[in-house]
Amino acid sequence: MKRILVTGGLGFIGSHTVVELQNEGFEVVIIDDLSNTTISVLDSITEITGTKPDFHQIDLRVKNDLKNFFDNNKVDGIIHFAAFKAVGESMSKPLDYYENNLGSLVYLLQEMRDRKLDNFIFSSSCTVYGQADELPITENAPVKTAESVYGNTKQIGEEIIRDASTAHNINTIALRYFNPVGAHPTVKIGELPLGVPANLIPFVTQTAAGIRKELSVFGDDYPTEDGTAVRDYIHVVDLAKAHIAALKRLIGNSNKETFEYFNVGTGRGTSVLEIINTFEKVNNVKLNYKIVGRREGDITAAFADTTIANKELNWKTEKSLEEALESAWKWQQKQS
Ligand SMILES: NC(=O)c1ccc[n+]([C@@H]2O[C@H](COP(=O)([O-])OP(=O)(O)OC[C@H]3O[C@@H](n4cnc5c(N)ncnc54)[C@H](O)[C@@H]3O)[C@@H](O)[C@H]2O)c1
């Protein structure tokens with residue numbers, strides 16, 4: 001049985017990936033410092049799969065703790081989710097973001113180099129493309145100057161991985177996520193935004209629940225069909241499964257390059273107004289929203305061309321936007 005280290009494994013995407021890994025027969029060991037989650041997620045994962053993953057509360061920035069972990073644990077691959085992810089906060093705390101998102105990455109790769117470990121998967125983001133010149137966005141689209149510190153950590157992260165994987169022969173895949181949404185069908189795990197959510201769907205569900213008075217739609221004068229911004233919303237379970245596909249590619253030595261990167265999205269663009277309408281319809285609730293001016297830094301439209309990912313990873317999305325929005329609402333209703 002292959003043993004996989006999942007950093008940030010108690011977070012939103014990490015927890016869903018741990019479930020899929022266990023379902024596929026992998027043994028999982030999680031590192032998380034609980035900076036953006038709670039320990040109860042470990043019990044929820046156990047309830048879903050029937051198996052409690054090994055868990056280590058470690059801050060990846062503490063190099064010695066990481067070294068101790070690897071002294072005592074053998075792993076066959078690493079999926080690295082742990083990072084700070086709030087775009088706005090990254091602008092006011094750039095050094096914290098660079099330290100956590102890049103420092104932790106370097107320490108992990110150093111351990112892999114020193115111990116001759118292989119198979120590394122990195123959480124990248126479609127933010128690397130900025131406002132792409134052509135839609136849908138293929139992997140060949142150029143990486144644009146990052147609009148935020150957070151986005152920059154993903155770009156530099158990919159560069160670090162490219163250099164390290166080539167020099168030290170570590171097989172790696174960066175998955176460029178589009179917009180992950182939804183919750184597990186059991187509604188036992190989901191997204192836990194701390195404070196005011198910066199992403200659309202948690203804001204939608206919190207508005208429907210009465211936690212937020214009103215949802216602001218930032219701009220209705222974009223050059224899109226209804227004037228609101230367009231994104232590619234992928235169900236988190238489909239996204240989690242892309243990691244299993246990438247891991248199998250690495251473990252099976254089917255990768256074509258030492259460093260590869262793939263778009264992980266649905267291939268479908270959805271506008272903010274479409275999200276609102278679909279959410280209202282599938283959940284039979286009314287959303288209080290108003291159109292306001294554009295938000296600085298927002299792009300017009302981004303959605304993936306998934307042709308390469310579908311073929312190379314032998315993976316495709318299976319869940320609908322309706323399922324994602326239904327599960328997100330059920331998850332919200334479970335939160336007190
Ligand atoms: N959610 C999105 O919209 C999105 C989109 C693109 C990329 N990503 C990336 O995917 C990854 C996972 O995102 P998520 O939405 O699950 O975030 P999340 O905050 O829910 O999960 C990250 C987890 O990492 C942990 N963590 C953070 N710093 C740590 C450290 N130094 N040591 C140990 N644990 C640490 C947190 O406690 C948290 O549980 C991140 O790298 C994020 O940047 C997310």
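The following exchange goes through the overall fold, the nonpolar core and one loop residue of a predicted model.

The model is predicted, so local features need pLDDT of at least 70 and side-chain atom pairs count only at pLDDT 80 or more, while totals for chains, interfaces and linings use all residues. Residues are numbered from 1 along each chain as its sequence is written, and side-chain values use heavy atoms, with hydrogens and water left out.

Student: What is the radius of gyration of the chain, and what does the globule rule give for 336 residues?
Tutor: The radius is taken over C-alpha atoms, and the globule rule is 2.2 Å times the number of residues to the power 0.38. For 336 residues the rule gives 20 Å, and the chain is close to this, so it is as compact as a globular protein of that length, with a radius of gyration of 19 Å.

Student: Which helix gives the most to the largest nonpolar core?
Tutor: A nonpolar core is a set of buried Ala, Val, Leu, Ile, Met, Phe, Trp, Tyr and Cys residues joined through side-chain atoms within 4.5 Å, where buried means under 20% relative accessible area with a 1.4 Å probe, protein chains only. The largest such core has 36 residues. Among the elements that each supply at least two of them are helix 1 (12-23), strand 6 (172-177) and helix 8 (236-251), helices being DSSP runs of H or I of at least four residues and strands E runs of at least two, numbered from the N terminus. With eight residues, the greatest contributor is helix 8.

Student: Is Ser148 buried or exposed?
Tutor: Ser148 lies in the loop between strand 5 (120-125) and helix 6 (149-168), and, leaving aside residues up to four places away in sequence, touches Val87, Ser90 and Met91, contact meaning heavy atoms within 4.5 Å. Because its relative accessibility is 13%, Ser148 counts as buried.

Note on methods. Buried < 20%, exposed > 50% of the residue type's maximum accessible area, 1.4 Å probe, protein only.
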